[in-house]
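Q: Please take a close look at the sheet in this model. How is it put together, and what packs on it?

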Amino acid sequence: MSDATSEFFDELDHRGSERLLRKTNGTIRFDLEHDHGIDHWLVTIINGDVQVSREKRDADCVIRTDNAFFDRMARGEEKPLPAWLRNEITSEGKFRFIVLLERLFPGSPGARHPRTFARERGGHR
């Protein structure tokens, strides 16, 4: 397992409550393939509280990809929904969790919030 993957799930587990997910309840299992097998990560969301474990159990949504591609998502270099559309990640179960993944992953490197960008350019106060 790579450092980017471990750091992503460790940081996710320590975030606590996610304001953008406060009405969300469910589980997402990530099955990450590599040369020696498959690593399983289970993300449980209860009213926005996020917990991560290494359990391999049934989930509302199961996401499958290879570990190298997941590393790129964990670093913000790839986004889950476009990756799903390109079949670089596959899913089984409730589709709404694919859309919610966008809220869990970091933004692109160097990306800034539109309001911050506008303030810096002097366009909006």
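A: In this predicted model, helix α2, residues 67-74, lies across β1 and β4. Strand β4 covers residues 61-66, and the helix runs at about 105° to β4. A further helix, α4 (residues 96-104), packs on the sheet as well, where it touches β1, β4 and β5. The direction of α4 makes about 80° with that of β1. Strands β1 and β4 are thus named in both contacts: α2 lies across them, and α4 touches them along with β5.

The sheet itself is open and consists of 5 strands, in the order β3-β2-β1-β4-β5, with mixed pairing. Its edges are β3 (49-53) and β5 (90-93), each of which pairs on one side only. On average, neighbouring strands are turned by 20° against each other, direction ignored.

Within the sheet, β1 (residues 25-34) and β2 (residues 37-46) run antiparallel and are joined by 10 bridges. One position in this pair can be named: Leu-32 has Asp-39 of β2 opposite it.

As for the setting, the chain holds 5 helices and 5 strands. In sequence order they follow the pattern α-β-β-β-β-α-α-β-α-α. Of the contacts between residues at least 6 apart in sequence, 62% join residues at least 24 apart. Buried residues account for 38% of the 125 residues. The chain exposes about 7,600 Å², of which carbon and sulfur atoms supply 47%.

Key. Residues are numbered from 1 along each chain as its sequence is written. This is a predicted model: local features need pLDDT of at least 70, side-chain atom pairs count only at pLDDT 80 or more; totals for chains, interfaces and linings use all residues. Side-chain values use heavy atoms; hydrogens and water are left out. Two strands pair if DSSP finds at least two bridges between them. Helices (H or I, at least four residues) and strands (E, at least two) are DSSP runs, numbered from the N terminus. Axes are lines fitted to C-alpha atoms, for helices over the stretch in contact, and angles run from 0 to 180 degrees between N-to-C directions. Contact means heavy atoms within 4.5 Å. Buried means under 20% relative accessible area, exposed over 50%, partly exposed in between (1.4 Å probe, protein chains only). Accessible areas come from the Shrake-Rupley method with a 1.4 Å probe; for residues, only the protein chains shown count as cover.
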